[in-house]
Amino acid sequence: MSTTDYRCDVLVIGSGAGGAPTAALLAEAGLDVIVAEEGPWVDQGSVVPFSLEQMDRQYRSGGVTVALGLPSVAYTEGRCAGGGTEVNSGLYRRPPQEVVERWRTNWRIDDLDPDAIDVLAREVESALSVQPLPGPAPAPSERLRLGAERLGWTHDESPRWMTYPTGDSRQGQRQSMTRTYLPRAMSAGARLMTDCRVDKLRLGADRVEGADVEFTNGRRATISCRAVIVCAGAIQTPALLQRSGIRRNIGRTLAVHPTVKLAARFTDELNVPDDVPVHQVKEFAPDLSFGGSASHPGLVALALLDQWEDFRDAVVAWREIAVYYAAITSQGRGRVMAVPGLRDPIVTYHLTRRDRALLCSGLTRLALLMLEAGATDVFPSYRGAPRVKSRRDLATIEDTFSATRASVMTVHLCSTVPMGEDSDRCGADSHGRVHGFANLYVNDASLLPDAPGVNPQGSVMAVALRNARHFLAEGWSRV
Ligand SMILES: Cc1cc2nc3c(=O)[nH]c(=O)nc-3n(C[C@H](O)[C@H](O)[C@H](O)COP(=O)(O)OP(=O)(O)OC[C@H]3O[C@@H](n4cnc5c(N)ncnc54)[C@H](O)[C@@H]3O)c2cc1C
């Protein structure tokens, strides 16, 4: 018989964009909160942003994770205190009002008021010091802006959750969860247990009693509580629920923003290895957006890899190269399936014919933009790609591109436990309570009914604040 090792009012699983604000609000309201986080605590600044070392220490499986399909879609998840907020690009977008309205009507979400979400988004912006750069943008960002301007395409600078103590744009300090909501939660008494993976929930008939956990050092324990809020991200949340025996409308509707990439070579040394561009091109949004990616030398090599025979000579000139992406709002969906005996779930994703065509036109237009910005050579990331040196070569992309030969990837994962009152499709109710359970909630990216078409962290956090407050007002007294 197992012993109860820990006890609390509410167990929050995961400390990322959903979990950290949830823990802070609950602890500040006087509840006894434990946050179980699978990954380690890594101080901001102790590891170079966007480096391979960061991938090793702060990403799940070193960043090598894939949703199977034709093509397969590579994805990455943060796995550390603060989750994805520690490793991401920090580019903030307010949840678009029309998207919130679509969620409300299509998924029958009660009390989802676009204006109220707007107010919550402002709260997030203030808590995370969301702001534009205090000075000039990095050169790769400036090229994106220039290309868009020359083509007359709509573009803007995305603000970031950064502070700039010295006033220098290059010395921003990311306002991730380890710098904002997690310290708030802990100073209100929440206990953060890092290196602590929740294996399984302990379920009664219509209640969750607690969870079985395993620490990185192999120690096992049980946490007993009156309520559980799962915030393990859009892949691990459904996987944990399924491992625990909860499967109805869980993990069947993964939504992502698939991206394709290219590397662009210029005549000057513009590469900034430890930061990303802040400009985004929205001329074709929401279907299609363009932006800049991390471009340290290893990632430049990776962008050239698909057509290595023809492109490899460029790798020595990595200082003159920056990597850019075209992202689409996909009509496809994917699945997350926990499999007995396997630690990680199997993930699949299906791109529709329209998605694949959009990736092609996105890459072609992005290559055009790069030429306009002054690129001498553009290297699209797919097998069989041409080296694009002039507008004449663009037609070759349209002739030779196939999504199945491209390196399609994503960092925006959501919608695996969609919230709402449509019980045929939703895994949780309008405020994240898992259907069929009185005291089990989800409060992370899994709840967004579909991919928002913009960088999602602002939406994840606004929804998390909304649901945490609803839990305090109504849920807690019923558990
Ligand atoms: C490389 C990268 C770049 C990105 N760039 C941006 C950007 O610029 N702007 C933007 O808006 N969004 C960006 N995103 C997306 C954004 O980070 C996510 O939308 C957001 O973090 C999702 O929040 P979440 O709470 O659902 O999951 P996460 O923030 O991923 O948090 C989940 C946490 O749960 C933990 N966990 C998982 N399973 C368990 C378990 N069984 N037991 C205990 N703990 C567990 C994980 O370790 C993790 O810390 C990016 C993401 C990545 C990976």
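Colleague: What makes the approach between an oxygen atom of the ligand and a polar backbone atom of G90 a polar contact?

Modeller: In this predicted model, the ligand oxygen and the polar backbone atom of G90 are 3.3 Å apart. The cut-off for a pair of N or O atoms is 3.5 Å, so the pair at G90 counts as a polar contact.

Colleague: Which polar backbone atom lies 3.0 Å from an oxygen atom of the ligand?

Modeller: That atom belongs to C80. Its distance of 3.0 Å is within 3.5 Å, so this pair also qualifies. E38 places a backbone N or O atom 3.0 Å from a nitrogen atom of the ligand, and that pair passes by the 3.5 Å limit too.

Colleague: How many residues surround the ligand, and which are the closest?

Modeller: There are 38 around the ligand, and the closest are G18, E37, N88, L91 and Q457. To be counted, a residue needs a heavy atom within 4 Å of the ligand.

Colleague: On to the helices. Why is α1 called roughly parallel to α13?

Modeller: Helix α1, residues 19-28, packs against helix α13, residues 457-478, at about 30 degrees, with the axes 9 Å apart. Angles under 35 degrees count as roughly parallel, and therefore α1 is roughly parallel to α13. The crossing of α1 over α13 is right-handed.

Colleague: Which residues make the contact of α1 with α13?

Modeller: On α1 they are P21, T22, L25 and L26; on α13 they are M461, A464, L465, A468, R469, F471 and L472. By class, this contact holds nine nonpolar residues, one polar and one charged. Arg counts as charged, so R469 is the charged one.

Colleague: What makes α5 roughly perpendicular to α13?

Modeller: The two axes come within 8 Å and cross at roughly 105 degrees. The range of 65 to 115 degrees is taken as roughly perpendicular, so α5 is roughly perpendicular to α13. I117, L120, A121, E123 and V124 of α5 meet M461, A462, V463, L465, R466 and R469 of α13. Eight of these residues are nonpolar, none is polar and three are charged. The charged ones are E123, R466 and R469, because Glu and Arg belong to that class.

Colleague: Why are α4 and α5 called oblique?

Modeller: Helices α4 (residues 97-106) and α5 (residues 114-127) pack at about 130 degrees, with their axes 9 Å apart. Roughly perpendicular ends at 115 degrees and roughly antiparallel needs over 145, so α4 and α5 are oblique to each other. α4 passes α5 in a right-handed crossing. Their contact joins Q97, V100 and E101 of α4 to P114, D115, I117 and D118 of α5, and the classes there are three nonpolar, one polar and three charged.

Colleague: How do you know that the peptide bond joining L70 and P71 is cis, and what is its omega?

Modeller: Its omega is about 5 degrees, and the bond is listed as cis. P71 sits in the loop between β3 (65-67) and β4 (73-75). A cis bond also runs from A285 to P286, with omega near 5 degrees; P286 is in the loop between β15 (279-281) and β16 (288-292).

Colleague: What is notable about phi of S61, and where is S61 found?

Modeller: Phi of S61 is near 50 degrees, a positive value in a residue other than glycine. S61 lies in the loop between α2 (52-58) and β3.

Note on methods. Residues numbered from 1 in each chain as written. Predicted model: local features only at pLDDT ≥ 70, side-chain atom pairs only at ≥ 80, totals over all residues. Heavy atoms only, no water. Axes fitted to C-alpha atoms, helices over the stretch in contact; angles between N-to-C directions. Helix = DSSP H or I, 4+ residues; strand = E, 2+ residues; numbered from the N terminus. Left-handed = near helix turned anticlockwise from the far one by under 90°. Contact = heavy atoms within 4.5 Å. Polar contact = N/O pair within 3.5 Å; in protein donor to acceptor, adjacent residues only side chain to side chain.
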